[in-house]
Amino acid sequence: MPVKNRFAELLPEITAWRRDFHENPELLFEVHRTAGKVAELLRSFGCDEVVEGIGRTGVVGVIKGKTDTAGRVVGLRADMDALPILEATGLPYASKTPGKMHACGHDGHTAMLLGAAKYLAETRQFDGTAVVIFQPAEEGGGGGREMVADGMMERFGVQEVYGMHNWPGLPVGSFAIREGALMAAADQFEIVVTGKGGHAAKPHETIDTTLVAAHIVVALQSIASRNVDPLKQVVVSTCTFRTESEAHNVIPQTVLLKGTVRTMDPAVQDFVEGRIKAIAENTAAAFGATAAVNYMRGYPVTVNAPDNTAYAIDVAKKVSGQVNPDVAPQMGAEDFSYMLNERPGAYIFLGNGDTAMVHHPAYNFDDNAIPFGASWYAGMVEERMPAA
Ligand code: NI
């Protein structure tokens, strides 16, 4: 099973869908046009069922195989949302909405899964049911979580689930994956440090909140360097340091710190949360100030199940001669993790060639990757549920 010939034939059509999505990017759950087009196409392919409005604006299509002897159900997932970025590609099909851009290639993911759905609905050479899942709000809204919370897995009887992301820097036509933790958990923290504001020329009459917050920023770096086992992955980044005024002669009353924590292991995640609170509160106390810490859990770790990773590798190897089965984990996060927490499955990277990185204004999805990605999606259904 190399790249399926049908996808070479379908390439102009799939590319046209992709470029249409690219021209019309939508953010978070507001993917109304995109979801509407996805549902319309799925119906035109003859899917047995098309349901809109799952997880607010998600779309699910059901395609039954020629036979169904064992009640098998395989889910395939793509994301539909864009990013709040001003596009700088200069492409003829660049975003028509300034400040919104498909800078993560979700236009490509959606188009490839539509291509796979069209092929599967035409051929139905499998024994069971394929469920194609199009989710909103991957970029921060938790659309995957919302679809799961809406009962999607139970409603459609999904037993295992597979997802894909294009990856700049990997050659087009190649795949990369790893068993276990592939992408990080992404949490956020906010710390409000309160001292005693006053005149900068009378520091002894104040509790200098800027100084206290600066000590907290430095001390937080001891978590990764001194507290967590060096063989475990962790990132602690303080990214915002905001005083109330921009004056050069006012010691502020409060300082707001914001940052992110990335971990690959729930025990490390719990530990880091505890250390941030202890360091902020006790450092502030040492100066006579206070620190209020708000720690917010975000997307969980994306964990590839061992058996499903092996299946994903098998299919990738049939599609491509270049498959890295042990790629380094990434400290970015992915909300497909919510689906993988519900059902065993795997998430794979698809080469996007030597392009700008995702989330960059010059990024573009490479349409030459479409036959590989669509073949992998379709192959996961045909190989996991071979025709009876
Ligand atoms: Ni993405």
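**View 1. Glu205 sits in the loop between β9 and α6.** In this predicted model, the loop that holds Glu205 follows strand β9 (198–199) and leads to helix α6 (209–227). Is Glu205 buried or exposed? The answer falls in between: its relative accessibility is 43%, so Glu205 counts as partly exposed. For a sense of distance, take Asn24 as a partner: Glu205 and Asn24 are 181 residues apart in sequence, and their C-alpha atoms are 57 Å apart in space.

**View 2. Four strands, β10-β12-β8-β13, make an open antiparallel sheet.** Look for the edges of this sheet at β10 (234–243) and β13 (290–296), each of which pairs on one side only. From one strand to the next, the twist averages 20 degrees. Strands β8 (residues 185–194) and β12 (residues 254–263) pair in the antiparallel sense over 10 bridges. You can pick out one example: Thr194 has Thr254 in β12 as its bridge partner. In general, strands of a sheet pair through backbone hydrogen bonds.

**View 3. Helices α6 and α7 lie across the four-stranded sheet.** Helix α6 lies across β8, β10, β12 and β13, and runs at about 170 degrees to β10. Helix α7 (residues 266–286) lies across β8, β10, β12 and β13 too. Its direction is at about 165 degrees to β13.

**View 4. Helices α1 and α2 pack against each other.** Here α1 (residues 5–23) and α2 (residues 32–45) meet at an angle of about 160 degrees, with axes 10 Å apart. An angle over 145 degrees counts as roughly antiparallel, and α1 and α2 are therefore roughly antiparallel to each other. Their crossing is right-handed. Which residues of α1 meet α2? They are Trp17, Asp20 and Phe21, and on the α2 side you will find Arg33, Thr34, Lys37, Val38, Leu41 and Phe45. Sorted by class, this contact has five nonpolar, one polar and three charged residues.

**View 5. Eight strands form an open sheet with mixed pairing.** Follow the strands in the order β1-β2-β4-β3-β5-β16-β6-β15. The edges are β1 (49–54) and β15 (322–324), each pairing on one side only. On average, neighbouring strands of this sheet are turned by 20 degrees against each other, ignoring direction. At one end of the order, β1 and β2 (residues 58–64) pair in the antiparallel sense over five bridges, and Val51 has Val60 in β2 as its bridge partner. Helix α2 lies across β1, β2 and β4 (129–135), at about 165 degrees to β1. Helix α3 (residues 106–123) lies across β2, β3, β4, β5 and β16, running at about 150 degrees to β3.

Notes:
Residues are numbered from 1 along each chain as its sequence is written. This is a predicted model: local features need pLDDT of at least 70, side-chain atom pairs count only at pLDDT 80 or more; totals for chains, interfaces and linings use all residues. Side-chain values use heavy atoms; hydrogens and water are left out. Axes are lines fitted to C-alpha atoms, for helices over the stretch in contact, and angles run from 0 to 180 degrees between N-to-C directions. Helices (H or I, at least four residues) and strands (E, at least two) are DSSP runs, numbered from the N terminus. Angles under 35 degrees count as roughly parallel, over 145 as roughly antiparallel, 65 to 115 as roughly perpendicular and the rest as oblique. A crossing is left-handed if the near helix is turned anticlockwise from the far one by less than a right angle, and right-handed if clockwise. Contact means heavy atoms within 4.5 Å. Ala, Val, Leu, Ile, Met, Phe, Trp, Tyr, Cys and Pro count as nonpolar, Asp, Glu, Lys and Arg as charged, and the others, Gly among them, as polar. Two strands pair if DSSP finds at least two bridges between them. Buried means under 20% relative accessible area, exposed over 50%, partly exposed in between (1.4 Å probe, protein chains only).
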